[in-house]
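I'm opening my notebook to go through this one piece by piece. Here are the sequence and the fold I worked from.

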Amino acid sequence: MTDTNHTSSAALTLGEALGNLYAEGTPPPCHGSLLWTSEDAEHRAVAAEHCPACPITAECLAAAVECREVFGVWAGHDLAKPAGRRAAQAAHEAAAA
Ligand code: SF4
């Protein structure tokens with residue numbers, strides 16, 4: 001059975017983390033950029049290089065995996081690609097272990 005409350009929790013946690021960054025005047029690297037959601041895989045690859053500098057990668061990864069996102073760059077993973085989704089899932093499971 002799908003645990004929808006858990007999924008909502010991860011998305012809410014990400015929203016709170018983003019809100020804190022904006023309140024501190026330090027938006028995440030993806031703020032205002034179209035690279036993260038570009039149709040061009042090369043653009044998304046450039047975007048992914050900027051995610052490691054983001055202070056909320058853990059929250060971003062959890063929300064992406066638990067909400068089963070299938071497009072865009074999340075926490076440095078290109079979820080438009082099956083390999084990117086597998087890598088994100090593995091990273092999420094490793095973080096939870
Ligand atoms: S980890 Fe990457 S995609 Fe997620 S909020 Fe930070 S910069 Fe944006």
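How many nonpolar, polar and charged residues are in the shell around the ligand? I looked this up before anything else, keeping in mind that the model is predicted. By class, I got nine nonpolar residues, one polar and no charged ones. The names on my list are P28, P29, C30, W36, C51, C54, T57, C60, V73 and A75.

**Entry: the record.** I checked UniProt next. An unreviewed entry there lists residues 29–84 as "domain: 4Fe-4S Wbl-type". Over that stretch I noted 41% helix and 7% strand. The C-alpha atoms at its two ends sit 19 Å apart.

**Entry: helix α2.** This helix covers residues 41–50, and its buried residues are R44, A47 and A48. Looking down the axis of α2, I found that these fall within an arc of 100 degrees, so they line one face of the helix. That spacing makes sense to me: an α-helix has 3.6 residues a turn, so residues three or four places apart point the same way. On the other side of α2, E42 and E49 are exposed. I also asked what covers the buried residues, and the answer includes β1 (73–74) and β2. At the N-terminal end, D40 acts as a cap, with a side-chain oxygen 2.7 Å from the backbone nitrogen of E42.

**Entry: D78.** Is D78 buried or exposed? I had to look twice at this one, which sits in strand β2 (residues 77–78). D78 has a relative accessible area of 12%, and buried means under 20%, so D78 counts as buried. Then I hunted for its polar partners. Its side chain makes a polar contact with the side chain of R44, at 2.9 Å, and R44 is one of the buried residues of α2. A polar atom of the D78 side chain also lies 3.1 Å from the backbone nitrogen of A80. Leaving out residues up to four places away in sequence, I have D78 touching R44, G72, V73, G84 and R85. V73 was already in my notes, as one of the residues around the ligand.

**Entry: helix α3.** This helix runs over residues 57–66 and is mostly covered, with seven of its 10 residues buried. I wrote them down as C60, L61, A62, A63, A64, V65 and E66. C60 also turned up in my ligand list, and so did T57. Last thing for today: just after α3, R68 takes a positive phi of about 55 degrees.

How values were computed:
Residues are numbered from 1 along each chain as its sequence is written. This is a predicted model: local features need pLDDT of at least 70, side-chain atom pairs count only at pLDDT 80 or more; totals for chains, interfaces and linings use all residues. Side-chain values use heavy atoms; hydrogens and water are left out. Buried means under 20% relative accessible area, exposed over 50%, partly exposed in between (1.4 Å probe, protein chains only). Helices (H or I, at least four residues) and strands (E, at least two) are DSSP runs, numbered from the N terminus. A polar contact is a pair of N or O atoms within 3.5 Å; within protein, one must be able to donate a hydrogen and the other to accept it, and residues adjacent in sequence count only if both atoms are side-chain atoms. Contact means heavy atoms within 4.5 Å. A residue is near a molecule or strand if one of its heavy atoms lies within 4 Å of it. Ala, Val, Leu, Ile, Met, Phe, Trp, Tyr, Cys and Pro count as nonpolar, Asp, Glu, Lys and Arg as charged, and the others, Gly among them, as polar. UniProt positions are given in the numbering used here, feature names are shortened, and annotations may be inferred rather than shown by experiment. The arc is that of the directions from the helix axis to the C-beta atoms.
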